[in-house]
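Got your viewer open? Grab the mouse and we'll walk through this model stop by stop, with something to select each time.

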Amino acid sequence: MNLFYELGRYLLFIRSMFFKPERARVFVERTIHEMNNIGVGSLGIVTVISFFVGAVTTVQTAYQLVSPLIPLKIIGTIVSDSSLLELAPTITCLVLAGKVGANIASEVGNMRVTEQIDALEVMGINSAGFLGVPKILGGLIMIPCLIIIANFLMISGGIIAAKMTGILPPNEFVQGARESFKFFTLNVSMVKSVVFAFLITSVSTYEGYFTSGGALEVGEAGTRAVTRACVLILFFDFVIAKLML
Amino acid sequence: MIELIGVNKRFGDKLVLNNINSKFEPGIPNLIIGASGGGKSVLLKCMVGLFKPEEGEIHYNGRDFVHLPYEQVRDIRREIGMLFQGTALFDSLTVEENVEFPLRMFSPLSPAERKDRVNFCLERVNLENANSKFPAEISGGMKKRVGIARAIALNTKYLFCDEPNSGLDPITSRLIDELLHDITKEFNITTVINSHDMKTVYDIGEHIVFMYKGSVHWEGHRHELDEARHTNKALDDFIRASQF
């Protein structure tokens with residue numbers, strides 16, 4: 001019953017966001033602000049994680065390919081395909097669920113317990129829309145951009161690791177990646193990034209918005225936001241893979 | 001004018017507000033007093049629309065706030081200013097941006113006109129040279145004054161104050177009381193102040209509603225308080241506990 005209650009409340013919350021739009025100019029400014037927070041603020045962690053995930057995937061793939069009958073360029077194929085299809089969108093979004101999700105839930109939760117959301121409501125502002133829509137739009141615009149960067153960095157990390165460890169030369173890695181590349185793979189990556197971006201931002205805003213109590217509950221809302229966003233990302237990862245592949 | 005007619009509010013099985021009837025006139029400080037748990041905060045939240053009463057009507061100059069469609073409720077809310085107990089200033093905005101916020105959202109003023117209005121409001125609450133400070137950088141009394149400036153920025157018709165003196169020293173408390181009194185008179189605002197500070201009551205209360213166990217137990221002018229306490233034990237206990 002609790003699951004259905006939460007799901008129903010979440011859906012009603014999403015609906016209420018788009019119920020009465022406020023002044024467009026303020027929305028645009030807030031959306032740009034959120035894009036900066038979510039996108040530029042997460043660039044560092046995404047860069048580090050993507051590079052090393054690509055490097056580790058290359059080393060581990062090479063370790064498992066022991067047969068001399070399999071050409072080494074297959075490592076490039078496996079690393080690039082798995083990066084585009086799974087590692088870049090899913091791993092990056094799991095990390096972003098932790099960083100961005102906890103940040104949003106704490107910010108909104110703190111606004112709730114200090115009556116700032118009540119202040120918005122008393123002014124006649126649709127607080128769910130005012131707080132939620134710029135965050136969701138900011139995520140929908142910036143997270144796919146981060147995933148594109150993550151795709152590029154994972155493959156780059158793979159190439160550099162392959163060269164530095166002497167597994168295979170960069171031109172062979174790139175040849176393997178190019179031979180198997182299908183544009184559709186990139187489409188799947190982008191669909192995943194958009195769905196995950198919506199889940200991260202909306203679930204975190206929801207958890208923060210319905211916080212009650214004090215500092216302890218704000219912390220709990222942050223934890224809940226990250227946990228639920230991660231579980232939903234993995235669930236929808238499976239759904240999208242099943243539907244598109 | 002705000003008129004409450006038969007307002008009831010429940011939380012689960014508990015009746016928190018029981019048949020509240022009262023009128024709050026403009027131009028005078030209206031005070032809701034009573035012990036903690038008496039229902040005064042719930043009543044204030046019902047009046048501003050943060051809680052919806054199960055029964056009864058709340059009229060803003062004849063418009064029933066409880067039963068109006070959302071668009072008209074929103075129009076009334078834009079005539080409302082509220083000073084929250086914890087001030088509820090937006091942490092990420094400066095003092096100036098906090099006061100400007102309702103103007104940016106709802107007024108057709110140009111940026112220069114908005115700045116003039118913000119400066120006027122801040123000067124009116126005796127708060128100058130704090131425009132660029134963040135709420136975390138100013139004192140409790142200053143925060144209350146910024147909250148009042150924000151509440152009156154849109155030429156508010158109705159001003160609600162939830163425990164405006166909580167956490168303030170006696171001198172600052174008195175300044176806030178005087179400020180609320182003067183603003184109410186000057187702009188002819190319908191001001192409703194929720195308080196359990198008897199000093200505020202004796203200093204500025206012109207219409208006092210004493211809440212006890214969710215009901216209006218006594219209502220009148222501050223000059224009638226001393227006579228009323230002789231026949232009203234709950235009121236007498238409350239005033240006595242406040243050392244008056």
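Leaving aside its neighbours within four places in sequence, which residues is Phe198(A) in contact with? Select Phe198(A) and look for Ile136(A) and Leu140(A): those are its contacts once the neighbours within four places are set aside. (Two residues are in contact if their C-beta atoms, placed from the backbone, lie within 7 Å.)

Before going further, some housekeeping. This is a predicted model, where local features need pLDDT of at least 70, side-chain atom pairs count only at pLDDT 80 or more, and totals for chains, interfaces and linings use all residues. Residues are numbered from 1 along each chain as its sequence is written, while chains are lettered from A and ligands numbered from 1 in the order in which they are written.

**Stop 1: Phe198(A)**

Stay on Phe198(A), which sits in helix 7 of chain A. (Helices are DSSP runs of H or I with at least four residues, strands are E runs with at least two, and both are numbered from the N terminus.) Draw a distance to Leu140(A): the two are 58 residues apart in sequence, yet their C-alpha atoms are 6.3 Å apart in space. Is Phe198(A) buried or exposed? Phe198(A) counts as partly exposed because it has 17 C-beta neighbours inside 10 Å. (Buried takes 20 or more other C-beta atoms within 10 Å of the residue's own, exposed 12 or fewer, and partly exposed is in between, with C-beta atoms placed from the backbone.)

**Stop 2: all of chain A**

Zoom out and colour chain A by secondary structure. You'll find eight helices and zero strands, so to speak a plain α-α-α-α-α-α-α-α along the sequence. Along the principal axes, the C-alpha atoms of chain A fill a box of roughly 70 × 40 × 30 Å. Of the 245 residues in chain A, 47% are buried. Among contacts in chain A with a separation of 6 or more, 87% are between residues 24 or more positions apart.

**Stop 3: helix 7 and its partners**

Two packed helices are described by the angle between their axes and the distance between the axes. (Here the axes are lines fitted to C-alpha atoms, for helices over the stretch in contact, and angles run from 0 to 180 degrees between N-to-C directions.)

Select residues 73-113 and 183-209 of chain A, which are helix 3 and helix 7. Their axes are 8 Å apart, and the helices pack at an angle of about 15 degrees. That makes helix 3 of chain A roughly parallel to helix 7 of chain A. (Angles under 35 degrees count as roughly parallel, over 145 as roughly antiparallel, 65 to 115 as roughly perpendicular and the rest as oblique.) Helix 3 passes helix 7 of chain A in a right-handed crossing. (Right-handed is when the near helix is turned clockwise from the far one by less than a right angle, left-handed when anticlockwise.) Colour the contact of helix 3 with helix 7 of chain A by class and you get 16 nonpolar, eleven polar and five charged residues. (Ala, Val, Leu, Ile, Met, Phe, Trp, Tyr, Cys and Pro count as nonpolar, Asp, Glu, Lys and Arg as charged, and the others, Gly among them, as polar.)

Now swap helix 3 for helix 8 of chain A, residues 215-244. The axes of helix 7 and helix 8 of chain A come within 9 Å and cross at roughly 155 degrees; helix 7 and helix 8 of chain A are therefore roughly antiparallel. The crossing of helix 7 and helix 8 of chain A is right-handed. Show side chains for the contact, including Val195(A) and Leu199(A) from helix 7 and Leu232(A) and Phe236(A) from helix 8 of chain A. By class, the contact of helix 7 with helix 8 of chain A has 15 nonpolar, two polar and five charged residues.

**Stop 4: where the chains meet**

Bring chain B into view. The contact takes 13 residues from chain A and 14 residues from chain B. On the side of chain A that touches chain B, helix 4 (residues 116-122) gives the most, with five residues.

**Stop 5: inside chain B**

Click Gly37(B), in the loop between strand 3 (29-33) and helix 1 (40-48) of chain B. Gly37(B) is exposed, with 12 other C-beta atoms within 10 Å.

Next, select residues 140-152 and 170-187 of chain B, helix 5 and helix 6. They pack at an angle of about 10 degrees with their axes 10 Å apart, which makes helix 5 roughly parallel to helix 6 of chain B. Among the residues making the contact are Ile148(B) of helix 5 and Ile176(B) of helix 6.

Last pick: helix 9 of chain B, residues 233-241, where Leu235(B), Phe238(B) and Ile239(B) are buried. Look down the axis: the buried residues of helix 9 of chain B fall within an arc of 95 degrees, so they line one face of the helix. (The arc is that of the directions from the helix axis to the C-beta atoms.) Turned away from the buried side are the exposed residues Lys233(B), Arg240(B) and Ala241(B). What covers the buried residues of helix 9 includes helix 7 (198-204) and strand 9 (207-212) of chain B.
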